[in-house]
Amino acid sequence: QVQLVESGGGLVQAGGSLRLSCAASGRTFSSTAMGWFRQAPGKEREFVAHINWSGGTTYYADSVKGRFTISRDNAKNTVYLQMNSLKPEDTAVYYCAAGRFGRQSNYDYWGQGTQVTVSS
């Protein structure tokens, strides 16, 4: 069982930065791949980024590549999403999830989400 709690969301102007954190409970965190997803109002939830258990492999959605960076600290049971050069279209609720890369159904555990709002 893994419990996930996101934090770090907020309101930021376009061009600004935010760092999201996802704190995980459970002894298996260090061996678990993690992902970030987001859901904008009226849209389906979409993939943002993924990191493998060691942090050595990452994947990004094309829309965030070069602006967002996913990382993890297994000693702190935490995964991060550094978001730079934010755009209004990045406004969404951001979720972290634990599971295998691929379809959303591959992710077994989800956090409650944190709101990110980017003003123009």
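# Exercises on a predicted all-strand model

Four strands make up an open sheet, ordered E1-E3-E8-E7, and their pairing is antiparallel. The model is a predicted one, and the exercises below walk through it step by step.

## Exercise 1: The edges of the sheet

Find which strands stand at the edges of the sheet, and say why one side of each is left without a neighbour.

**Solution.**
Step 1. Read the order of the open sheet from one end to the other: E1-E3-E8-E7.
Step 2. Strand E1 (3-7) and strand E7 (68-73) stand at the edges with a single partner strand each, so each has one side without a neighbour in the sheet.
Step 3. Now look at the twist: on average, neighbouring strands of this sheet are turned by 15 degrees against each other, direction ignored.
Step 4. Move to the pair E3 and E8. Strand E3 (residues 18-25) and strand E8 (residues 78-83) run antiparallel and are joined by six bridges. One residue to look up here is Cys 22, whose bridge partner in E8 is Val 79.

## Exercise 2: Following Cys 22 to its sulfur partner

Which residue does a disulfide join to Cys 22, and is the disulfide right-handed or left-handed?

**Solution.**
Step 1. Searching the whole structure turns up one disulfide.
Step 2. It joins Cys 22 to Cys 96, with an S to S distance of 2.0 Å.
Step 3. Cys 22 belongs to strand E3 and Cys 96 to strand E9, so the pair ties together parts 74 residues apart in sequence.
Step 4. The torsion about the S-S bond of Cys 22 and Cys 96 is about 50 degrees, so this disulfide is right-handed.
Step 5. Check the surroundings: Cys 22 and Cys 96 are both buried.

## Exercise 3: The neighbours of strand E4

How many bridges join E4 to E9, and how many pair E4 with E5?

**Solution.**
Step 1. Start with E9: six bridges join it to E4, and the two run antiparallel. Within this pairing, Phe 37 has Tyr 95 in E9 as its bridge partner.
Step 2. Turn to E5: E4 pairs with it over five bridges, again in the antiparallel sense. Here Gly 35 stands opposite His 50 in E5.
Step 3. Look at the turn. The hairpin of E4 and E5 has six residues between the strands, and Gly 42 takes a positive phi near 75 degrees in this hairpin.
Step 4. Count the buried residues of E4: five of the six are buried, so E4 is largely enclosed by the rest of the structure.

## Exercise 4: Classifying ring pairs

Describe how Phe 37 and Tyr 107 are arranged, then explain why the pair of Phe 47 and Phe 101 is edge-to-face.

**Solution.**
Step 1. Know what to look for: a pair of aromatic rings is described by the distance of the centres and the angle of the planes.
Step 2. The structure holds six aromatic pairs. One of them is Phe 37 with Tyr 107, at 4.9 Å centre to centre and with 80 degrees between the planes, an edge-to-face pair.
Step 3. This pair links distant parts of the chain: Phe 37 sits in strand E4 (residues 34-39) and Tyr 107 in strand E10 (residues 107-110), 70 residues apart. Both Phe 37 and Tyr 107 are buried.
Step 4. For Phe 47 and Phe 101, the ring centres are 5.6 Å apart and the planes stand at 70 degrees, so this pair is edge-to-face; planes over 60 degrees apart count as such. Phe 47 lies in strand E5 (residues 46-51) and Phe 101 in the loop between strand E9 (92-99) and E10, 54 residues apart.
Step 5. Compare accessibility: Phe 47 is partly exposed, with a relative accessible area of 22%, and Phe 101 is partly exposed, with 39%.
Step 6. Put the rings together: one aromatic cluster is formed by Phe 37, Phe 47, Tyr 59, Phe 101, Tyr 107 and Trp 110.

## Exercise 5: Arginines over rings

Which ring has Arg 45 over its face, and which has Arg 72?

**Solution.**
Step 1. Arg 45 lies over the face of Trp 110, 3.7 Å from the ring centre.
Step 2. Arg 72 lies over the face of Phe 29, 4.5 Å from the ring centre.

## Exercise 6: The whole chain

How many helices and strands does the protein chain have, and what radius of gyration does the chain show?

**Solution.**
Step 1. Count the elements: zero helices and 11 strands.
Step 2. A compact globule of 120 residues would have a radius of gyration near 14 Å; the protein chain has 13 Å, which agrees.
Step 3. Along its principal axes, the C-alpha trace spans about 40 × 25 × 25 Å.
Step 4. Finally, 44% of the 120 residues count as buried.

Methods
Residues numbered from 1 in each chain as written. Predicted model: local features only at pLDDT ≥ 70, side-chain atom pairs only at ≥ 80, totals over all residues. Heavy atoms only, no water. Pairing = 2+ DSSP bridges. Axes fitted to C-alpha atoms, helices over the stretch in contact; angles between N-to-C directions. Phe/Tyr/Trp six-rings, centres within 6.5 Å; stacked < 30°, edge-to-face > 60°. Buried < 20%, exposed > 50% of the residue type's maximum accessible area, 1.4 Å probe, protein only. Lys NZ or Arg CZ within 6 Å of the ring centre and 35° of its normal. Disulfide = S-S within 2.5 Å. Rg over C-alpha atoms; globule rule 2.2 N^0.38 Å.
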